[in-house]
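Below are some notes on the model, set out point by point for a colleague who has the coordinates open. Please read them alongside the structure.

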Amino acid sequence: MWFVALPIQILINHLFRFAFRRFYITFVVKSIFMDPLHKKLICFLLILGGIALSGGALYGFWSLYHAYSTHERVVGVIQKTSTERVHRHRKVRFEHEMLIKYSTDKYGDCYVSKKYYWPFRQVGDEVTVLCRPQYTNDVRLPGDECWIWGIMLACGLVCAGGAWVMLRPQKSGEEQNCN
């Protein structure tokens, strides 16, 4: 009997999948996501988010470029790393901090403590440090900042690209066939 019941069950599964797919495409996708008002709103939000993220990233890169011209560039060495367990409301967080030693011409050896979010930092690693000549504790780590601004720029470009894909006119060969 199983040789009769199995093909019937497979046939029922295929018919159900086909009917459900057709229902999903006709009622859910076309009524919500393909409505011109919703499509325009989603495109507007994607463009707005893409412009905001890309603009923030470009400002961050410009700020870092400006810091290269006004700050002194030195190489620092990580002297100490520490991890502290901090209890927040309903959360346990780990805060990582590193002590960086760097040398300047005017003040000699200087130390600065910075929080870090990279799990790959170890004692003895060399990092590039941008420090202001007048305020030696005001430092920037360009390697970390480049990653932040790069990820932000990539997200902004993906948002703007998604809006462009949604707004471009579909060719007759690209139309979805619901049959």
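1. In which helix is the place of Leu45? Leu45 lies in helix α2, and this should be read, like everything that follows, as a statement about a predicted model. Together with Leu41, Phe44 and Leu48, Leu45 makes a nonpolar surface patch of about 410 Å².

2. On the overall layout, the chain has 3 helices and 5 strands, and from the N terminus on these elements follow the order α-α-β-β-β-β-β-α. Among contacts between residues at least 6 apart in sequence, 60% join residues at least 24 apart.

3. As to burial and surface, 20% of the 179 residues of the chain count as buried. The chain exposes about 13,800 Å², of which carbon and sulfur atoms supply 63%.

4. Helix α2 covers residues 36–70, and Ser63 has its place there. Ser63 counts as buried because its relative accessible area is 18%, where the cut-off for burial is under 20%. The side chain of Ser63 is joined to that of Arg140 by a polar contact of 3.1 Å.

5. His71 is found in the loop between α2 and β1, the latter being residues 72–88. With a relative accessible area of 16%, His71 is buried, and its side chain makes a polar contact of 2.9 Å with the side chain of Thr70. If residues up to four places away in sequence are not counted, His71 touches Leu130, Cys131, Arg132 and Asp138.

6. Helix α3 takes in the 26 residues from 142 to 167, and its length can be checked: at 1.5 Å a residue it should span 38 Å, and since its end C-alpha atoms are 37 Å apart, the expected span and the model agree.

7. Which residues of α3 are buried? They are Pro142, Asp144, Glu145, Gly156 and Ala163, and what covers the buried residues of α3 includes α2 as well as β4 (126–131) and β5 (139–140).

8. Taken together, helix α2 recurs in several of these points: Ser63 has its place in α2, Leu45 of the nonpolar patch does too, and α2 is also among the elements that cover the buried residues of α3. A reader going through the model could therefore follow Ser63, which is buried at 18% relative accessible area, and then His71, which is buried at 16%.

Key
Residues are numbered from 1 along each chain as its sequence is written. This is a predicted model: local features need pLDDT of at least 70, side-chain atom pairs count only at pLDDT 80 or more; totals for chains, interfaces and linings use all residues. Side-chain values use heavy atoms; hydrogens and water are left out. Helices (H or I, at least four residues) and strands (E, at least two) are DSSP runs, numbered from the N terminus. Buried means under 20% relative accessible area, exposed over 50%, partly exposed in between (1.4 Å probe, protein chains only). A polar contact is a pair of N or O atoms within 3.5 Å; within protein, one must be able to donate a hydrogen and the other to accept it, and residues adjacent in sequence count only if both atoms are side-chain atoms. Contact means heavy atoms within 4.5 Å. Accessible areas come from the Shrake-Rupley method with a 1.4 Å probe; for residues, only the protein chains shown count as cover. The expected span of a helix is 1.5 Å times one less than its number of residues. Patches are made of residues with over 30% relative accessible area and no salt bridge: like charges are joined within 9 Å, nonpolar side chains (Val, Leu, Ile, Met, Phe, Trp, Tyr) within 5 Å. A salt bridge is a side-chain nitrogen of Lys or Arg within 4 Å of a carboxyl oxygen of Asp or Glu.
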